[in-house]
Each structure stands twice: as C-alpha cells, then as structure tokens.
Amino acid sequence: MVLSPILGLLSNSLFALELWLIGKLFKGIGEYKDIFKAISLFNIPYVFMIPFYLIWLFIEPISLFYDYENGMFFLPTIDLVLNFIITIWCLVITIPIVSEVHNIPYWKSFFILLISSLILLLLIIVPILIIIIFTSVLL
C-alpha cells in the first residue's frame with residue numbers, strides 16, 4: 001500500500017518513455033513531459049470500479065481478498081467482465097491522447113500503442129518463462 005504511489009509514478013514514467021521513444025520513430029513531435037501528463041488520463045475509467053469493489057467488500061469480503069473456494073463465482077466473473085470493458089475503454093481513450101500529444105494520425109497512434117504493448121509483454125513473459133524453466137529443471 002505504501003509503495004503504490006511510487007510504483008505508479010515509476011510505471012507511468014517508463015510507459016511515457018516508451019511511448020515517447022516509439023512515437024519518435026513514427027515522426028511524432030511530443031515531448032516526454034507532455035506524454036507523461038497525458039497518459040495519466042487513461043487510468044481514469046478505473047475509478048468506476050470503486051463502487052463495485054465497495055459493494056463486493058460488504059457482500060462477501062473473504063472472496064474479494066482470497067481464492068474463490070467457497071463457490072463464489074458470480075462477483076469474480078462480473079469483475080472480470082467489467083475490467084475487460086474498462087480496459088477497452090482505456091485503449092479507446094489512449095489512442096487519441098497519444099495522437100494529440102505526438103500530433104500524428106490515429107492509426108500511427110494505434111501502432112505506437114501496439115508496439116509498446118508487445119514490448120512490455122515480452123519484457124514480462126520472457127522472464128516468467130525463464131523462471132519457470134529454471135525452477136522446473138531444478139526441481
């Protein structure tokens with residue numbers, strides 16, 4: 001909980017750096033500080049999840065914090081669907097944000113986001129696969 005603001009700033013900084021560098025490859029003119037400020041906006045739709053989590057906290061607090069062993073399937077499924085919808089909403093918001101900051105068309109903005117997402121995915125999945133392989137070999 002204490003590290004959340006620090007990790008939020010760090011992840012926002014790294015994502016802004018990645019969008020700035022890839023945007024420069026697409027002839028974008030945005031500056032890093034403008035991108036840093038602008039991409040903070042794409043997390044705003046997640047605020048709409050707060051009422052859902054508060055209701056869940058009052059209805060079934062154990063299933064919110066622990067595994068769903070007691071047959072609680074309804075609320076986690078709703079959570080999954082709502083998070084998927086909000087993630088798509090964030091993507092739809094982020095494309096014009098990057099386009100506006102870099103002063104480029106939407107299609108270039110889409111590809112900047114796609115390339116940066118693929119890079120982040122590789123940076124996350126490759127180390128996880130390496131860890132899985134090494135732990136399975138050692139066991």
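Here are some worked exercises on the helices, pockets and buried residues of a predicted model.

Residues are numbered from 1 along each chain as its sequence is written, and side-chain values use heavy atoms, with hydrogens and water left out. As the model is predicted, local features need pLDDT of at least 70 and side-chain atom pairs count only at pLDDT 80 or more, while totals for chains, interfaces and linings use all residues.

**Exercise 1: the span of helix H1**

Task: Compare the expected span of helix H1 with the distance between its end C-alpha atoms.

Solution:
- Start with the element itself: helices are DSSP runs of H or I with at least four residues, strands are E runs of at least two, and both are numbered from the N terminus.
- H1 covers residues 4-25, which is 22 residues.
- The expected span is 1.5 Å times one less than the number of residues; for H1 this gives 32 Å.
- The end C-alpha atoms of H1 are 32 Å apart, so the two values agree.
- Just after H1, Lys-27 has a positive phi of about 65°.

**Exercise 2: the two sides of H1**

Task: Find which residues of H1 are buried, and what covers them.

Solution:
- Take the cut-offs: buried is under 20% relative accessible area, exposed is over 50%, and partly exposed lies in between, with a 1.4 Å probe and protein chains only.
- The buried residues of H1 are Asn-12, Phe-15, Ala-16, Glu-18, Leu-19, Ile-22 and Gly-23.
- They span an arc of only 165° around the axis, so they sit on the same side of H1. The arc is taken from the directions that run from the helix axis to the C-beta atoms.
- On the other side of H1, the exposed residues are Ile-6, Leu-9, Leu-14 and Leu-25.
- The cover over the buried residues of H1 includes helix H2 (32-39), helix H5 (74-102) and helix H6 (106-138). Contact here means heavy atoms within 4.5 Å.

**Exercise 3: one face of H2**

Task: Work out where the buried residues of H2 lie around its axis.

Solution:
- Ile-35, Ala-38 and Ile-39 are the buried residues of H2.
- Viewed down the axis of H2, they fall within an arc of 85°, so they line one face of the helix.
- Lys-33 and Lys-37 are exposed on the other side of H2.
- H1 and H5 are among the elements that cover the buried residues of H2.

**Exercise 4: pockets and a cavity**

Task: Describe the volume and lining of the largest pocket, the second largest pocket and the largest cavity.

Solution:
- Rolling a probe the size of a water molecule over the atoms shows where empty space is left.
- On a 1 Å grid over the protein atoms alone, a cavity is a set of points where a 1.4 Å probe fits but cannot get out; a pocket is an open set with protein on both sides within 12 Å along at least five of seven lines, and lining residues have an atom within 4 Å of a point.
- The largest pocket has a volume of about 300 Å³. Its lining includes Phe-15, Phe-42, Tyr-46 and Phe-110.
- H6 gives the largest share of that lining, five residues, and the lining of the largest pocket divides into nine nonpolar, three polar and no charged residues.
- The second largest pocket holds about 210 Å³. H1 gives the most to its lining, with six residues, and among the lining residues are Asn-12, Phe-15 and Leu-120.
- The structure has one cavity of 30 Å³ or more. The largest cavity is lined by Ile-35, Ala-38, Ile-39, Ile-97, Val-98, Val-101 and His-102.
- H2 and H5 are the elements that give two or more residues to the lining of the largest cavity, with the largest share, four residues, coming from H5.

**Exercise 5: two buried residues**

Task: Place Ser-99 and Met-49, and list what each one touches beyond four places in sequence.

Solution:
- Ser-99 is in helix H5, and it counts as buried because its relative accessibility is 6%.
- Ser-99 touches Ile-104, Pro-105, Tyr-106 and Ser-109, leaving out residues up to four places away in sequence.
- Met-49 is in the loop between H2 and helix H3 (50-59), and it counts as buried because its relative accessibility is 3%.
- With residues up to four places away in sequence left out, Met-49 touches Asp-79, Leu-82, Asn-83 and Ile-86.

Technical notes:
Grid points are joined across faces, edges and corners, and a volume is the space filled by probe spheres set on the points. Ala, Val, Leu, Ile, Met, Phe, Trp, Tyr, Cys and Pro count as nonpolar, Asp, Glu, Lys and Arg as charged, and the others, Gly among them, as polar.
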